[in-house]
Amino acid sequence: MAHLHSFLPFLLLLSNFSHPSHGDVGTSSQYSPPFLPTACYGFDPGQFPSSNLFAAAGNGIWDNGAACGRQYLVRCISAAEQGTCSGELIQVRIVDFALTAVSQPSIDGTTMVLSDTAFGTIANSSATSINIEFQQI
């Protein structure tokens, strides 16, 4: 029983995230290498999670650089082409600012630009833009 209690906060977070009113809604595109340097941590390769699930913040969440290092739960909720979303929920770390990223996003002006690995985990990687639900954790 104690083992279940250690997972309870995580399960509550996930159940809260699945309710539409608890997350923000935005758009996402993707970008591919090169990823360095970044607006947050320059040439430090340690900024990237080993999972390669990271993102560049768009204007709406950049917050004058305060977004650097923030963690978000992200999932694809819809796209122009039916069947694009995988249904996966991922956690990403903000490491860059979309407007100054070395590699250009597949579409400009999105809320969050996901690494190609992160984007491909929650959506068909052939899509250029998706609608996302995201929540800072």
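This briefing describes the fold, the nonpolar cores, the aromatic pairs and two individual residues of one protein chain. The model is predicted, and the mean pLDDT of the chain is 89. The secondary structure consists of 3 helices and 6 strands, which follow one another in the pattern α-β-β-α-β-β-β-α-β. Of the 137 residues in the chain, 39% are buried.

**Confidence in the model**

- A pLDDT of 70 or more is reached by 85% of the residues in the chain.
- Residues 1–21 have a pLDDT that stays under 50. For this stretch, the model has 14 contacts beyond four places in sequence.

**Overall fold and surface**

- Among the contacts in the chain with a separation of 6 or more, 77% are between residues 24 or more positions apart.
- The accessible surface of the chain is about 7200 Å². Carbon and sulfur atoms account for 55% of this surface.

**Pairing of strand 1**

- Strand 1, which covers residues 24–31, pairs with strand 6 in the antiparallel sense, over 5 bridges. Within this pairing, aspartate 24 has phenylalanine 134 of strand 6 as its bridge partner.
- Strand 1 also pairs with strand 5, here in the parallel sense and over 4 bridges. Glutamine 30 stands opposite leucine 114, a residue of strand 5.

**Nonpolar cores**

- The largest nonpolar core has 24 residues, and the members that touch the most others are Val74, Val92, Met112 and Ile122.
- Two or more residues of this core come from each of the following elements: strand 2 (54–57), helix 2 (59–62), strand 3 (71–78), strand 4 (89–97), strand 5 (112–115), helix 3 (116–122) and strand 6 (130–136). Strand 4 contributes the most, with 4 residues.
- A second core, separate from this one, has 9 residues. Its members include Phe48, Ala56, Val95 and Val113.
- Isoleucine 122 has an extensive list of contacts once its neighbours within four places in sequence are left aside: Val74, Arg75, Cys76, Thr84, Cys85, Ser86, Gly87, Glu88, Ile90, Leu114, Ile130 and Ile132.

**Aromatic pairs**

- A pair of aromatic rings is described by the distance of the centres and the angle of the planes.
- The chain has 7 aromatic pairs.
- One of them joins tyrosine 31 and phenylalanine 35 in an edge-to-face arrangement, with 5.0 Å from centre to centre and 80 degrees between the planes. Tyrosine 31 has a relative accessible area of 2% and is therefore buried. Phenylalanine 35 also counts as buried, because its relative accessibility of 15% is under 20%.
- Another edge-to-face pair is formed by tyrosine 72 and phenylalanine 134, with 5.8 Å from centre to centre and 65 degrees between the planes. This pair links distant parts of the chain, since tyrosine 72 belongs to strand 3 and phenylalanine 134 to strand 6, 62 residues apart. Tyrosine 72 and phenylalanine 134 are both buried.
- Tyr31, Phe35, Phe48 and Phe54 form one aromatic cluster. Phe48 is also a member of the second nonpolar core.

**Cysteine 40**

- Cysteine 40 is located in the loop between strand 1 and strand 2. This residue is classed as buried because its relative accessible area of 17% is under 20%.
- In sequence, cysteine 40 and glycine 65 are 25 residues apart, and their C-alpha atoms are 7.2 Å apart in space.
- Apart from neighbours within four places in sequence, cysteine 40 is in contact with Trp62, Cys68, Ile94, Val95 and Asp96. Val95 is among the residues of the second core.

**Aspartate 116**

- Aspartate 116 is part of helix 3. With a relative accessibility of 27%, aspartate 116 counts as partly exposed, because this value lies between the limits of 20% and 50%.
- Along the chain, aspartate 116 and glutamine 30 are 86 residues apart, while their C-alpha atoms are separated by 5.6 Å.
- When residues up to four places away in sequence are not counted, aspartate 116 touches Gln30, Tyr31, Ser32, Pro33 and Phe35. Among these, Tyr31 and Phe35 belong to the aromatic cluster described above.

Notes. Residues are numbered from 1 along each chain as its sequence is written. This is a predicted model: local features need pLDDT of at least 70, side-chain atom pairs count only at pLDDT 80 or more; totals for chains, interfaces and linings use all residues. Side-chain values use heavy atoms; hydrogens and water are left out. A nonpolar core is a set of buried Ala, Val, Leu, Ile, Met, Phe, Trp, Tyr and Cys residues joined through side-chain atoms within 4.5 Å. Buried means under 20% relative accessible area, exposed over 50%, partly exposed in between (1.4 Å probe, protein chains only). Contact means heavy atoms within 4.5 Å. Accessible areas come from the Shrake-Rupley method with a 1.4 Å probe; for residues, only the protein chains shown count as cover. Rings of Phe, Tyr and Trp (its six-membered ring) pair if their centres lie within 6.5 Å; planes under 30 degrees apart count as stacked, over 60 as edge-to-face and the rest as tilted. pLDDT is the predictor's confidence in each residue, from 0 to 100. Two strands pair if DSSP finds at least two bridges between them.
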